[in-house]
Amino acid sequence: MAVYIVSDLHGAADELRKAVPEGATLVTLGDMINFIDYFSMTGILTEVFSVETVSEVIELRTSGLIEEARRVMQERSVGREEEIRTEIGRLVVDGYERIFAALPDPTYAILGNVDNPAIARTVAEEHPAVRWPDGSVETIEGERFGFVGGALPTPLHVAGEISEEEMRAKVEGLGPCDVLCSHIPPAIPELCFDTVAKKSERGSEDMLAYIQDVQPNVAYFGHIHQPLVSSMHVGRTLCLNVGYFRATRRAWLHQSLGVPD
């Protein structure tokens with residue numbers, strides 16, 4: 001049975017159905033929900049706020065003015081706070097429903113920084129195809145796949161971020177694996193730099209140490225939508241960004257390299 005890897009679906013449910021062949025196993029590396037597509041200006045935020053407001057917030061965020069961006073959102077929410085919370089919650093649930101309905105059986109899923117773990121797991125209860133292997137090793141088609149979900153803290157304080165201690169505990173608790181699957185990359189500057197955003201995102205030092213020590217055959221990740229470097233070797237481990245699925249519409253076919261010595 002073929003194994004396909006995707007990351008950063010950001011709402012692209014219909015495209016996922018086309019990209020993954022019937023009967024395949026899917027591994028998805030997080031960021032299932034589309035809060036905002038910077039290129040098309042579509043997503044949950046533009047359904048709740050005006051495009052003008054979202055554009056202003058994006059400009060402030062990309063300039064590093066996080067608190068100013070947060071202030072603008074608060075100002076535009078005055079008098080509508082409960083309405084906005086309710087509508088965002090409804091749209092997040094709807095987004096997960098559409099994604100989970102498109103997932104093949106079986107799907108091994110971890111979450112990313114824009115995901116809401118509580119809502120995702122609640123919605124997934126109605127979709128038995130979804131498995132949650134975060135922080136564990138699963139044998140898939142004879143290979144040991146290790147899973148590390150979540151992203152490290154940023155000033156944005158989004159729902160899918162976890163503490164460095166929690167990330168470290170997941171990584172250190174894995175034991176040996178042949179294939180490492182995570183949302184964020186290991187902390188290698190070339191793999192963490194986004195060429196469109198023109199900034200570096202946080203990679204994991206603990207994941208890098210794990211790769212250097214354990215040397216799995218391959219380490220899959222996403223998170224960086226337009227990476228400076230998509231792949232590189234750390235020792236014999238191929239570190240590979242599987243791509244921003246919402247833009248590429250392509251699922252990565254995993255090629256087994258055998259079990260390491």
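In these legends, two residues are in contact when heavy atoms of one lie within 4.5 Å of the other's. The model shown is a predicted one.

**View 1. Helix H4 and its buried side.** Helix H4 spans residues 66-75, and its buried residues are Ile66, Ala69, Val72 and Met73. These four share one side of H4, because the arc they cover around the axis is only 120 degrees. Helix H2 (44-48) and helix H3 (51-62) are among the elements that cover them. Turn to the face of H4 pointing away from the buried side, and you meet the exposed residues Glu67 and Gln74. Salt bridges with shared partners also join Glu68, Arg71 and Glu75 into one network.

**View 2. Helix H5 from end to end.** Helix H5 covers residues 81-102, 22 residues in total. From first C-alpha to last it reaches 32 Å, close to the 32 Å expected at 1.5 Å a residue. Which residues of H5 are buried? They are Ile84, Leu91, Val92, Gly95, Tyr96, Ile99, Phe100 and Ala102. They lie on the same side of H5, because their arc around the axis is only 165 degrees. Packed against these buried residues are helix H1 (13-19), H2, helix H6 (117-124) and strand E4 (130-131).

**View 3. A salt bridge within H5.** Here the side chains of Arg90 and Glu87 meet, with N to O at 2.7 Å. Both residues belong to helix H5 and sit three residues apart, about one turn of the helix. An α-helix has 3.6 residues a turn, so residues three or four places apart point the same way. Arg90 is partly exposed at 47% relative accessibility, and Glu87 is partly exposed too, at 25%.

**View 4. Salt bridges across the chain.** The structure holds 17 salt bridges, and two of them appear here. In one, Arg131 pairs with Asp105, their closest N and O atoms being 3.3 Å apart. Arg131 is in strand E4 and Asp105 is in the loop between H5 and strand E3 (107-109), so this pair ties together parts that are 26 residues apart in sequence. Arg131 is partly exposed, with a relative accessible area of 34%, while Asp105 is exposed at 54%. In the other, the side chains of Asp206 and Arg168 meet at 3.0 Å, N to O. This pair links helix H9, home of Asp206, with helix H7 (residues 164-172), home of Arg168, 38 residues apart. Asp206 is buried, with a relative accessible area of 19%, whereas Arg168 is partly exposed at 28%.

**View 5. The six-stranded open sheet.** Follow the strands in the order E5-E6-E7-E10-E12-E11, where the pairing is mixed. Strand E5 (137-140) and strand E11 (231-234) are the edges, each pairing on one side only. From one strand to the next, the twist averages 25 degrees. Helix H9 (residues 205-214) lies across strand E6 (143-148), strand E7 (179-182), strand E10 (218-221), E11 and E12, and runs at about 175 degrees to E7.

**View 6. Strand E12 and Leu240.** E11 and E12 run antiparallel and are joined by four bridges. His233 has Leu238 of E12 as its bridge partner. Is Leu240, placed in strand E12 (residues 237-241), buried or exposed? Leu240 is buried, with a relative accessible area of 7%. Beyond its neighbours within four places in sequence, Leu240 touches Ala219, Tyr220, Phe221, Ser230, Ser231 and Trp252. Phe221 is 19 residues from Leu240 along the chain, yet their C-alpha atoms are separated by 6.4 Å.

Methods
Residues are numbered from 1 along each chain as its sequence is written. This is a predicted model: local features need pLDDT of at least 70, side-chain atom pairs count only at pLDDT 80 or more; totals for chains, interfaces and linings use all residues. Side-chain values use heavy atoms; hydrogens and water are left out. Buried means under 20% relative accessible area, exposed over 50%, partly exposed in between (1.4 Å probe, protein chains only). Helices (H or I, at least four residues) and strands (E, at least two) are DSSP runs, numbered from the N terminus. The arc is that of the directions from the helix axis to the C-beta atoms. The expected span of a helix is 1.5 Å times one less than its number of residues. Two strands pair if DSSP finds at least two bridges between them. Axes are lines fitted to C-alpha atoms, for helices over the stretch in contact, and angles run from 0 to 180 degrees between N-to-C directions. A salt bridge is a side-chain nitrogen of Lys or Arg within 4 Å of a carboxyl oxygen of Asp or Glu.
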